[in-house]
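Please walk through this structure with me, beginning at a single residue and moving outward.

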Amino acid sequence: MIKPIKPSEIKAAKNKNIPDAVIKIFNDFIVKEYDDVSAVVVKDEVLKKITSELNVSRNHVIDNGWLDVEDLYRKAGWKVIYDKPGYNESYDAFYKFTKK
């Protein structure tokens, strides 16, 4: 019998939908940008690589939550900050991965 999902199960369920190829792309960017303290990964660069390698649209990636990797990397031991420009700010949205 199927039971209702618990609030505590939602993040794990969403993370299961992220393809391995997306995690590999993030890993590659982290390795490339890592400077012994942290790695700053620009969202648009990751998004372009994902759409190109997986042959999907930007909307498909965003709508399916494939960029919501923060919890996965936190569980792996990273401190992860996602920052995007606010009103009247102009810079590229980015993820910052730092060793705990």
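In which helix is I50 found? The model is a predicted one, and in it I50 is found in helix α3. I50 has a relative accessibility of 0% and therefore counts as buried, the cut-off being under 20%. Leaving aside neighbours within four places in sequence, I50 is in contact with V22, I25, F26, N55, V56, V61, W66 and L67. K84 lies elsewhere: 34 residues separate I50 and K84 along the chain, and their C-alpha atoms are 19 Å apart.

I50 leads to the largest nonpolar core, which has 20 residues. The residues with the most contacts inside this core are F26, I30, V46, I50, L67, Y73 and F97. At least two core residues come from each of α2 (20-33), β1 (38-42), α3 (43-54), β2 (78-83) and β3 (94-99). Helix α2 gives the most, with five residues. L67 can be followed in the same way as I50. Beyond its neighbours within four places in sequence, L67 is in contact with F26, K43, V46, L47, I50, V61, I62 and Y95.

Strand β3, one of the elements that supply the core, also holds T98. Is T98 buried or exposed? T98 is buried, because its relative accessible area of 18% falls under the 20% cut-off. With neighbours within four places in sequence left aside, the contacts of T98 are V37, S38, W78 and K79.

The next topic is the charged side chains. How many salt bridges does a search of the whole structure find? The search finds four, and three of them are described here, beginning with D44 and R58. The closest N and O atoms of D44 and R58 are 3.6 Å apart. D44 lies in helix α3 and R58 in helix α4 (residues 58-63), so this salt bridge ties together parts that are 14 residues apart in sequence. D44 is partly exposed, with 33% relative accessibility, and R58 is partly exposed at 41%.

Helix α3 also contains E53 and K49, four residues apart, about one turn of the helix. Their side chains meet in a salt bridge with an N to O distance of 3.1 Å. E53 has a relative accessible area of 49%, so it is partly exposed; K49, at 37%, is partly exposed as well.

Another salt bridge joins the side chains of R74 and D71, at 3.3 Å from N to O. Both R74 and D71 lie in helix α5, three residues apart, about one turn of the helix. R74 is partly exposed, with a relative accessible area of 35%, and D71 is partly exposed at 22% relative accessibility.

D71 has a further place in this account, as one of the residues that line the largest pocket. Rolling a probe the size of a water molecule over the atoms shows where empty space is left. The largest pocket has a volume of about 180 Å³, and its lining consists of K11, K14, N15, N17, I18, N64, G65, D68, E70 and D71. The elements that give two or more residues to this lining are α1 (10-16) and α5 (70-75). Helix α1 provides the largest share, three residues. What is the chemical make-up of the lining of the largest pocket, in nonpolar, polar and charged residues? The lining divides into one nonpolar residue, four polar residues and five charged residues.

Conventions: Residues are numbered from 1 along each chain as its sequence is written. This is a predicted model: local features need pLDDT of at least 70, side-chain atom pairs count only at pLDDT 80 or more; totals for chains, interfaces and linings use all residues. Side-chain values use heavy atoms; hydrogens and water are left out. On a 1 Å grid over the protein atoms alone, a cavity is a set of points where a 1.4 Å probe fits but cannot get out, and a pocket is an open set with protein on both sides within 12 Å along at least five of seven lines; lining residues have an atom within 4 Å of a point. Grid points are joined across faces, edges and corners, and a volume is the space filled by probe spheres set on the points. Ala, Val, Leu, Ile, Met, Phe, Trp, Tyr, Cys and Pro count as nonpolar, Asp, Glu, Lys and Arg as charged, and the others, Gly among them, as polar. A nonpolar core is a set of buried Ala, Val, Leu, Ile, Met, Phe, Trp, Tyr and Cys residues joined through side-chain atoms within 4.5 Å. Buried means under 20% relative accessible area, exposed over 50%, partly exposed in between (1.4 Å probe, protein chains only). Contact means heavy atoms within 4.5 Å.
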